[in-house]
There are 2 protein chains.
Amino acid sequence: MLSLHAPTSPAWLVQIDGHLEELLIDHAHCEKKAAGVAMDLIFAYVDKEDLCRALSEIVREELEHFNMVLDVLKSRGMKFRRLAPSSYGQRLAKLVCKQGPQRAVDRMLVAGLIEARSCERFGMLGEHLAGSDPELADFFSGLFESEARHHSTYVRFAKEFADEAMVHTRLVELAEREAEIIAEGDPFPRMHS
Amino acid sequence: MLSLHAPTSPAWLVQIDGHLEELLIDHAHCEKKAAGVAMDLIFAYVDKEDLCRALSEIVREELEHFNMVLDVLKSRGMKFRRLAPSSYGQRLAKLVCKQGPQRAVDRMLVAGLIEARSCERFGMLGEHLAGSDPELADFFSGLFESEARHHSTYVRFAKEFADEAMVHTRLVELAEREAEIIAEGDPFPRMHS
């Protein structure tokens, strides 16, 4: 699905069951971080005008989602708070090349893979919760499309920094590593555990 | 005006005359930086939910303005590029206390003072350019209201971190320093030179 090398294990749904509050709080933090990543990329590549316009739109949408998750928490009497993240983002960040145009390609592709994985998981949550919590199922399903679109945006703009074949090869490499990292999971129930 | 301790010298208008392209490019960078500052504050004070919602809105508006300035540049055949900033933002950042709740208050108030100064200067540009470049004059005048509103938002939320009297005293202190810094100016024509 999208560029993902392997689907999420059904064990993840078992891990998050009964931990919806923690999952939603982590989700809010993920949306905030996704906005932060897009903003950092605007600062890093400000001379690429079309990229910056697309990234501005991603920041706007991710912050809108952040506020939507805060609304969901509030409507359920859950308190938003700081929460230790999963190691997923940090482990992916370590795969990014430290310099040169390769760094730009890697930053775009890693951001794109996180969007792809989020997209896949929102889809899973939408199906999984349809019977027990249709309101929340609809909420997650509603986020599916934008995450898929952000994935495509990042992969498309990676091609501004390297030729298409190179981007494709690197995307396959990074997607393999992402699949390994997500398969290893995390001890706590998180959006990317 | 707003919380400003002293108005801009008319010498600034003389400095920027004939350098509209440089001024607009700097303006675009300022809008991007204003969005970045609000985003950094979301990360720093994520447990303050109302503040984060207000900051999300500021990020959205500043990025919208960033894109609007890019549109103005494009419509005039001017190329957006990297540009050395004025020393204004860096000098103001040095006034921010390094720790504790005072740091939060200072960050809010400094952000608020930058919005106030931008607001004042957009107003000046609106009047100054009304005869020679009515389109650009309208553009700057149109940004006046949001900058004034952002100023109020930052000052209001500073009061979440300290009592009103303390915030007022500190605002006066910082506004005095801001007025000194802006009066010293900068060698190059910039939005805050």
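## Charges over rings, chain symmetry and a pocket

The charged end of A:K48 sits over the ring of A:F161, 4.8 Å from its centre. A charge is taken to sit over a ring if NZ of Lys or CZ of Arg is within 6 Å of the ring centre and within 35 degrees of the ring normal. Chain B has a pair of this kind as well, formed by B:K48 and B:F161.

| Charge | Ring | Distance to ring centre |
|---|---|---|
| A:K48 | A:F161 | 4.8 Å |
| B:K48 | B:F161 | 4.8 Å |

This is a predicted model, in which local features need pLDDT of at least 70, side-chain atom pairs count only at pLDDT 80 or more, and totals for chains, interfaces and linings use all residues. Residues are numbered from 1 along each chain as its sequence is written, chains are lettered from A and ligands numbered from 1 in the order in which they are written, and side-chain values use heavy atoms, with hydrogens and water left out.

A turn of 180° with a shift of 0.0 Å along the axis lays chain B on chain A with an RMSD of 0.0 Å (least squares on the C-alpha atoms of residues with pLDDT of at least 70 in both). That is the relation of a two-fold axis. Within chain B, the residue that comes closest to the rotation axis is B:R60, at 2.8 Å (C-alpha). Of the interface residues of chain B, 100% are also interface residues in chain A, so the copies meet through the same surface (contact means heavy atoms within 4.5 Å).

Aromatic rings also pair with one another. Over all chains, the structure holds eight aromatic pairs (ring centres of Phe, Tyr or Trp, the last by its six-membered ring, within 6.5 Å). Ring pairs join A:F122, A:F139 and A:F140 into a cluster.

Methods
Phe/Tyr/Trp six-rings, centres within 6.5 Å; stacked < 30°, edge-to-face > 60°.
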